[in-house]
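Me: Could you walk me through one part of this model up close, and then show me how the rest fits around that part? I work with cut-offs every day, so please spell them out.

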Amino acid sequence: MSKPHIPLDQIRAQVTECRRCPLADGRTQTVFGVGNPSARVLIVGEAPGKNEDLQGEPFVGAAGKYLNELLAIAGLRREDVFIANVLKCRPPGNRDPRPEEIELCAPYLREQTRTIDPEFIVTLGNFSTKFILKTEVGITRLHGTMQRAGKFKVFPIFHPAAALYDGSKREALENDFATLGELLRESDAASGAAPAAGASGNAASAPGAAASAAGAPGAASAPSATASAAGAPSAAPAGGAAASGEPSQPDSAPHIEQPHLL
Ligand code: SF4
């Protein structure tokens, strides 16, 4: 029997109190995530930066403004999606997340994902992509290709902040978000659903409606590290993707079929 989903408010309350790793000592506040609790698209970044730590929301400031523009290319508004990070607290000096921090924080992202139950997980940058797909293949090879983690479609894209420092990444980012928009429309067409870019594939789930929820964990116990979803179909072969909602993959693109989420 599958584990019941935990309401987002309960996961948020656990994150707010969390002191499982040393990042708790340097944070202004935790950054749980924001957006539609029944989102069809879950955006996963790396960790809060300075502005996020101060404001308590992911992707604010210049990177957040650019993310909003990129979402619009895909036909999405910020309020359509749910935006979260792998880490909920800011690493000092915006250094890279450490493996032990990711391991300790991962259960929160996993439970967020189970509760939101998105169709697509868009991983932004190397950390979230490698973490969710459990791969050492980097974002440069994986961006713009459809992958799988459990039942979830995973679509890696460069981190928007990368394009702010390296303008050559802008074109790839914008192309990948355009592809994401195509995938959403193709998936709608394949399922016969009316186009509704941001809403969950479940027609009954309107924005603001919490996903099914029960079984709050004990406050001190982070959720265990196994997810149940598996057996997702393979990505379509290169060139024949539209009907399945899968993108065309370049012949050289790696395909990752990760049986478990996180
Ligand atoms: S980064 Fe995650 S595990 Fe570490 S204190 Fe913050 S919420 Fe807890």
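Reply: R141 sits in helix α6, residues 139-142. Helices here are DSSP runs of H or I with at least four residues, strands are runs of E with at least two, and both are numbered from the N terminus. Residue numbers start from 1 along each chain, as its sequence is written. This is a predicted model, in which local features need pLDDT of at least 70 and side-chain atom pairs count only at pLDDT 80 or more, while totals for chains, interfaces and linings use all residues.

R141 has 15 C-beta neighbours inside 10 Å and therefore counts as partly exposed. The scale behind that label calls a residue buried with 20 or more other C-beta atoms within 10 Å of its own, exposed with 12 or fewer, and partly exposed in between, with C-beta atoms placed from the backbone. R141 and P254 are 113 residues apart in sequence, yet their C-alpha atoms are 7.6 Å apart in space.

Now for the wider chain. It has eight helices and seven strands, and 45% of its 262 residues are buried. Of the contacts with a separation of 6 or more, 76% join residues 24 or more positions apart; a contact means that the C-beta atoms, placed from the backbone, lie within 7 Å.

A second arginine, R110, belongs to helix α4. R110 has 21 other C-beta atoms within 10 Å, which means that it is buried. Its C-alpha atom is 9.3 Å from that of V86, a residue 24 positions away along the chain.

V86 takes us to the largest nonpolar core, which has 58 residues; L42, V44, V81, V86, I121 and V122 touch the most other members. Such a core is a set of buried Ala, Val, Leu, Ile, Met, Phe, Trp, Tyr and Cys residues joined through C-beta atoms within 7 Å. Beyond its neighbours within four places in sequence, V44 contacts ten residues you can pick out on screen, among them V86, L109, I121 and V122.

Helix α4 (residues 99-116) also packs on helix α1 (residues 8-17), at an angle of about 170° and with the axes 10 Å apart. The two helices are therefore roughly antiparallel, a label for angles over 145 degrees, with under 35 being roughly parallel, 65 to 115 roughly perpendicular and the rest oblique. Axes are lines fitted to C-alpha atoms, for helices over the stretch in contact, and the angles between N-to-C directions run from 0 to 180 degrees. L8, I11 and V15 of α1 meet Y108, E111, Q112 and T115 of α4.

Two loops flank α4, and each holds a residue for your backbone checks. N94, in the loop between β3 (82-85) and α4, has a positive phi of about 60° without being a glycine. D117, in the loop between α4 and β4 (120-124), is also not a glycine and has a positive phi of about 55°. N94 is partly exposed, with 13 other C-beta atoms within 10 Å, whereas D117 is buried, with 21.

Finally, the ligand has 14 residues around it, the closest being C18, C21, K88, C89 and C105. A residue is counted when its C-beta atom, placed from the backbone, lies within 6 Å. Helix α4 supplies three residues, the largest share of this shell.

Terms used:
Two residues are in contact if their C-beta atoms, placed from the backbone, lie within 7 Å.
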